[in-house]
Amino acid sequence: MRWMLMVLVLMLMLMTAGCAQDLSQLGPIKLSDEHKLTQPKLEYFGVAGFRLRWRDEAVVFDPFFSRPSPLQLLWLTPDVKRIKDGMPRTPEATMLLVGHAHYDHLLDVAWVLNHKTPNATFYGSRTAGHILRAEVSAEREFEDAEQKMAWLPGPNGPRPIAREDGWFKSKKGAFRAMPIQSSHAPNVTQIDLMGGSYQQDLKTLPKSFRNWKEGQTLAWLVDLLDENGKTVYRIHFQDSSSEEPYGFPPDPGDNRGIDVVILPVASWIQVKRYPQALIEATQPKLVVLCHWEDFFSGDPDDLKVLRGEKDEYALYRIVRTTLPQASQIVMPKPFSEIALPPL
Ligand SMILES: [Zn+2]
């Protein structure tokens, strides 16, 4: 009975989502495809995955390479070959941050922690931690980001409030990161298929996409620090479009603005005033649009626009008209690089 329901739900999702759309849907947006840039730069892995290296450390965000097809959604397993090919070994990574626990953000994380980022501490929700323990040994350090999360006093605002000690500092002091209470856009079916949380460590990774439960969705502020601990860049990262003011950056008390906003495109149209409200509140020098491409296919060389997504160019226009004139917008190809704005 349960299986029949899931198959029905899956069919509904596929029918609603339709087929992947070719790049002409992007209208005049020119995808960026930079390589071999000097640091500091972001390296984009596709979906919401990034690597950021700075001084002698690195932060990895939401690494996801497996891109299972729709037919594999009831029997998900990390695609080790794709992870090996896509994820560079990064022993200098000391932080691996994740925004929420859906499979397109978390499926590959245990493998990445065990094989590609041996020195990284995992930072995420309790649910994400409970899922990953199925594959990551108890000795490996996890940080419960919900403990330090900047919190919303009420559903309609004002903005999230930073805790007194809301920052996680990286081991060598090149980064600090602050989790922020955020929310998740409804998916294409308008049914909350993948909500919920776990309270105990799992024994095996979930197989069905539905059991990659969302948990607490988080946004992140990430500071790049100089040798004296002073902030050189401030990045706002989120991996799901969120309802205002969820995920909005709190004031950490230093009066410093945001340099870069990493903004997911997926489900943008389902959320009122997204991303306009967030761009108004942050006014960054650079917006990096991610989670814009179809992730149900294994071939990053045959790029398609996310199925079910409506008019990504409309989102681009909203960002453009809300941003200061001098600010830049980049929509990167997976496995390309993005320069941080000049200081
Ligand atoms: Zn999600």
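# Briefing: a zinc site, salt bridges, cores and cavities

The zinc ion takes its protein donors from His 100 (NE2), His 102 (ND1) and His 184 (NE2), which lie 2.1 to 2.2 Å from it. Donors here are N, O and S atoms within 2.8 Å of the metal (3.2 Å for Na, K and Ca), and water is not among the atoms, so sites may look incomplete. This is a predicted model: local features need pLDDT of at least 70, side-chain atom pairs count only at pLDDT 80 or more, and totals for chains, interfaces and linings use all residues. Residues are numbered from 1 along each chain as its sequence is written, and side-chain values use heavy atoms, with hydrogens and water left out.

**Zinc site**

- Along the sequence, the donor residues follow the spacing H-x1-H-x81-H.
- His 102 and His 184 link distant parts of the chain, 82 residues apart: His 102 sits in the loop between strand S4 (93-97) and helix H3 (103-106), and His 184 in the loop between strand S8 (175-181) and strand S9 (218-225). Helices (H or I, at least four residues) and strands (E, at least two) are DSSP runs, numbered from the N terminus.
- His 102 counts as buried at 6% relative accessibility, while His 184 comes out partly exposed at 27%. The cut-offs: buried is under 20% relative accessible area, exposed is over 50%, and partly exposed is in between (1.4 Å probe, protein chains only).

**Salt bridges**

- The count comes to 20 salt bridges, each one being a side-chain nitrogen of Lys or Arg within 4 Å of a carboxyl oxygen of Asp or Glu.
- Lys 333 pairs with Asp 33, with 3.8 Å between the closest N and O atoms. Lys 333 lies in the loop between strand S13 (328-330) and strand S14 (337-339), and Asp 33 in the loop between helix H1 (2-17) and strand S1 (41-46), so this pair ties together parts 300 residues apart in sequence.
- Both ends of that bridge are partly exposed: Lys 333 has a relative accessible area of 29%, and Asp 33 has 41%.
- Glu 43 and Arg 51 meet at 2.8 Å, N to O. Glu 43 is buried at 11% relative accessibility, and Arg 51 is buried at 6%.
- That pair belongs to a salt-bridge network that links Glu 43, Arg 51, Arg 53 and Glu 92.
- Arg 234 and Asp 223 form another bridge, at 2.7 Å, N to O. Arg 234 is in strand S10 (residues 231-238) and Asp 223 in strand S9, so the pair ties together parts eleven residues apart in sequence. Both residues are buried.

**Nonpolar cores**

- The largest nonpolar core has 65 residues, and those with the most contacts inside it are Leu 42, Phe 50, Leu 97, Phe 175, Trp 220, Ile 262 and Trp 292. S9 supplies the largest share of this core, six residues.
- A second, separate core has 41 residues, including Ala 101, Leu 132, Ala 134 and Met 194.
- For the record, a nonpolar core is a set of buried Ala, Val, Leu, Ile, Met, Phe, Trp, Tyr and Cys residues joined through side-chain atoms within 4.5 Å.
- In soluble globular proteins, nonpolar side chains tend to be buried together.

**Pocket and cavities**

- On a 1 Å grid over the protein atoms alone, a cavity is a set of points where a 1.4 Å probe fits but cannot get out, and a pocket is an open set with protein on both sides within 12 Å along at least five of seven lines; lining residues have an atom within 4 Å of a point.
- The second largest pocket holds about 180 Å³ of space, a volume being the space filled by probe spheres set on grid points that are joined across faces, edges and corners.
- Fifteen residues line this pocket, with Ser 32, Glu 34, Ile 329, Val 330 and Ile 338 nearest its centre. S13 and S14 each supply at least two residues of the lining.
- The whole structure has two cavities of 30 Å³ or more. The largest has a volume of about 60 Å³, and its lining divides into three nonpolar, one polar and six charged residues. Ala, Val, Leu, Ile, Met, Phe, Trp, Tyr, Cys and Pro count as nonpolar, Asp, Glu, Lys and Arg as charged, and the others, Gly among them, as polar.
- The second largest cavity has about 40 Å³ of space, and its lining includes Ser 242, Phe 248, Arg 273 and Tyr 274.
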